There are 2 protein chains.
Amino acid sequence: MPTSRQVRLKSRPVGVPQKEHFEIVEAEVPEPRPGEFVVRNRFLSVDPAMRGWVNSAPSYVRPVEIGEVMRAYTVGEVVASRHPRYKEGDKVMGQLGWQDHAVSDGRQIWRKVTETDLPLSLALGVLGLNGVTAYFGLLDVGQPRAGDTVVVSTAAGAVGSAVGQIAKIAGCRTVGITGGAEKVRLCREVFGYDEAIDYKGTKDLSAAVGAACPKGLNVYFDNTSGPITDAVLPHMAIGARVAVCGTASIANWDPIPMGPIMERWFLIRRARMQGLLASDFAHRYDEAFARLAQWVREGSLRYREDILEGIESAPDAIAGLYRGENLGKRLIRLS
Amino acid sequence: MPTSRQVRLKSRPVGVPQKEHFEIVEAEVPEPRPGEFVVRNRFLSVDPAMRGWVNSAPSYVRPVEIGEVMRAYTVGEVVASRHPRYKEGDKVMGQLGWQDHAVSDGRQIWRKVTETDLPLSLALGVLGLNGVTAYFGLLDVGQPRAGDTVVVSTAAGAVGSAVGQIAKIAGCRTVGITGGAEKVRLCREVFGYDEAIDYKGTKDLSAAVGAACPKGLNVYFDNTSGPITDAVLPHMAIGARVAVCGTASIANWDPIPMGPIMERWFLIRRARMQGLLASDFAHRYDEAFARLAQWVREGSLRYREDILEGIESAPDAIAGLYRGENLGKRLIRLS
């Protein structure tokens, strides 16, 4: 077996992990033992949620330990196997970490990738966690009805761009909130939003949301929390649904930051807010992937990728996400 | 017709209305015209929501105007009628205002009181808006399951005390949060809470809630918002439901006060928060009153009333609620 480069957590960040919190180390790839197999990673995922995985604040998963390979979803192919259910050449997506090669006993695998007519990288995007998060978050938690106005924050992002397009497929009017003129263009021209608001270039964001939602909004898919959400909630229509999917605008949860108290909006608009984690819907992934893949093939679900080259780009990649420098789903391609 | 004393709004308060924001005026009671009837009020209601009715911040109803009789629910009897559906002697509950006599065309009437075996004042409490708010807020929004832990703020109040008891009827474990030793005693001895926490006498409220909910809470019925809610939310179990019924701890919504950002709790616990207004369930009031009255008759739904005597006590009565001086549903009895 060749050696494998691994990106390990070097020190515990407070808030967004920066380049200096990681180190790249060479390691031997062990031979697979019975019941194990080796995956050669082709793409590494870079996701906003990875911030939470390295912080020590309470979360839904245990924090990555110092010295541990950075937890990450990857997609790759099986190059050696002593496992009955995985054979050489199988394409797999799983939590195999920021490294060239990974040894797995199968528990780290999220799914085998079966849409071989579509690019492999999609298994980390619209045909991966981002896709099912958008699918269940919008359709099950947001419960959009045809004619509804759906507002999406981080509208050009990996999850947000899928949410906006699925909302269009569901017959909704879509309003995207994103940062910068280039992302506004993407929202309008590629992802088909009816309106796109540049929160960075808008003086009064709340007024802009109000103007874009003259009858109020029925669904808010919230990827940011913070000032964007504060500007959106006053425009909820009676009975609105808020899907809380991420909190990208909050740099640090320890201590918990302050913001305007929001209960009054939920009370007077009889609105609902609900947090979601895609894995709660794991029993329905097959349904989601079948529909998502079909929408991709038909061209009604488009995507953008932001591909960094080489594992050397990993340590700064999460910080870059929070700097808003990517246009589309951020991936790292391994040669 | 005799003259009627009326409590009118004299000036617009910011936050909780005080005694000086009202004045008591004598007025002629007009003869009922065709399609009208006159109600002699027996009890006037005093509710936390009345604060919102006199403030100018956006709400679900238009603000009471300066010089207008204070909007309030009352219960009384028809003493003269030229209306086909209301006859002398009928007991009615409605939004007839803080006054001795009211002329109505029927639109202000919420319902005829038919449980003549039970005290008339209950039509403003467990058999009134408080009762249906508790009923639908807990059962429909909170969706308790047998064995759940249900936390209630303002646990000894008119709504909260009913919520706690309905939760017990539903097979739940109940934890009440209330202010002061006397209300803690009421919660334990009269309303049957399994645990009662005195937020005024507790140094670390969050730790006290955590100790009372070792497996986390499944339902939080929130009547307060603010610091009590901030202490409760971290103890939500996965999939918890928060019913937002009132915001009694927020003295003033203009400007909107700040508090810890809460989305993270909803995200990591995949919890749901939903505001409610009892009137959204108006089509199911008959169901609720039938069950509530039966529970009262059986003794499984107990209540406490805090009865002030005479219309002169009205101007200071809302401020007194927010000072926390009442034990039970606050009413004003007219002689």
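This section describes the sheet shared by chains A and B, the contact between the chains, and the packing of helices in chain B. The structure is a predicted model.

An open sheet of 12 strands, with mixed pairing, contains strands of both chains. Its order is S10(A)-S9(A)-S8(A)-S11(A)-S12(A)-S14(A)-S14(B)-S12(B)-S11(B)-S8(B)-S9(B)-S10(B). S10 of chain A and strand S10 (195-198) of chain B stand at the edges; each has a single partner strand, so one side of each is left without a neighbour in the sheet. Direction ignored, neighbouring strands of this sheet are turned against each other by 15 degrees on average. Strands of a sheet may pair in either the parallel or the antiparallel sense, through backbone hydrogen bonds.

Both senses of pairing are found in this sheet. In chain A, strand S9 (residues 173-178) and strand S10 (residues 195-198) pair in the parallel sense over 4 bridges. Between S9(A) and S10(A) the chain passes through helix H4 (residues 181-189) of chain A, and this β-α-β crossover is right-handed. Within the pairing, Val175(A) has Glu195(A) in S10(A) as its bridge partner. Strand S11 (residues 217-222) of chain A likewise runs parallel to strand S12 (residues 236-244) of chain A, to which 5 bridges join it. Here Val219(A) stands opposite Arg241(A) in S12(A). The antiparallel sense appears where S14(A) pairs with strand S14 (residues 272-275) of chain B over 3 bridges. At this junction, the bridge partner of Gln274(A) is Arg272(B) in S14(B).

The contact between the chains takes 29 residues from chain A and 28 residues from chain B. On the side of chain A that touches chain B, the elements giving two or more residues are strand S13 (258-260), helix H7 (263-268) and strand S14 (272-275) of chain A. H7(A) provides the largest share of that side, 5 residues. By class, the residues of the side of chain A that touches chain B comprise 17 nonpolar, 6 polar and 6 charged.

Helices of chain B pack on the sheet. H2(B) touches strand S11 (217-222), strand S12 (236-244) and S14 of chain B, and its direction makes about 145 degrees with that of S12(B). Helix H5 (residues 205-212) of chain B lies across strand S8 (149-153), strand S9 (173-178) and S10 of chain B, running at about 175 degrees to S10(B).

H2(B) also packs against other helices of chain B. Helix H2 (residues 129-142) and helix H3 (residues 158-169) of chain B meet at an angle of about 45 degrees, with their axes 8 Å apart. This angle makes H2(B) oblique to H3(B), and H2(B) passes H3(B) in a right-handed crossing. Residues of H2(B) in this contact include Gly131(B), Ala134(B) and Leu138(B), while those of H3(B) include Ala158(B), Ala162(B) and Ile166(B). The contact of H2(B) with H3(B) has 10 nonpolar, 4 polar and no charged residues.

With helix H8 (residues 285-298) of chain B, H2(B) packs at an angle of about 100 degrees, and the axes are 10 Å apart. H2(B) is therefore roughly perpendicular to H8(B). Gly131(B), Val132(B), Tyr135(B) and Phe136(B) of H2(B) make this contact with Tyr285(B), Ala288(B) and Leu292(B) of H8(B). The residues of the contact of H2(B) with H8(B) divide into 6 nonpolar, 1 polar and no charged.

Key
Residues are numbered from 1 along each chain as its sequence is written. Chains are lettered from A and ligands numbered from 1 in the order in which they are written. This is a predicted model: local features need pLDDT of at least 70, side-chain atom pairs count only at pLDDT 80 or more; totals for chains, interfaces and linings use all residues. Two strands pair if DSSP finds at least two bridges between them. A crossover is right-handed if, with the strands pointing away from the viewer, the path from the first strand over the helix to the second runs clockwise. Two residues are in contact if their C-beta atoms, placed from the backbone, lie within 7 Å. Ala, Val, Leu, Ile, Met, Phe, Trp, Tyr, Cys and Pro count as nonpolar, Asp, Glu, Lys and Arg as charged, and the others, Gly among them, as polar. Axes are lines fitted to C-alpha atoms, for helices over the stretch in contact, and angles run from 0 to 180 degrees between N-to-C directions. Angles under 35 degrees count as roughly parallel, over 145 as roughly antiparallel, 65 to 115 as roughly perpendicular and the rest as oblique. A crossing is left-handed if the near helix is turned anticlockwise from the far one by less than a right angle, and right-handed if clockwise.
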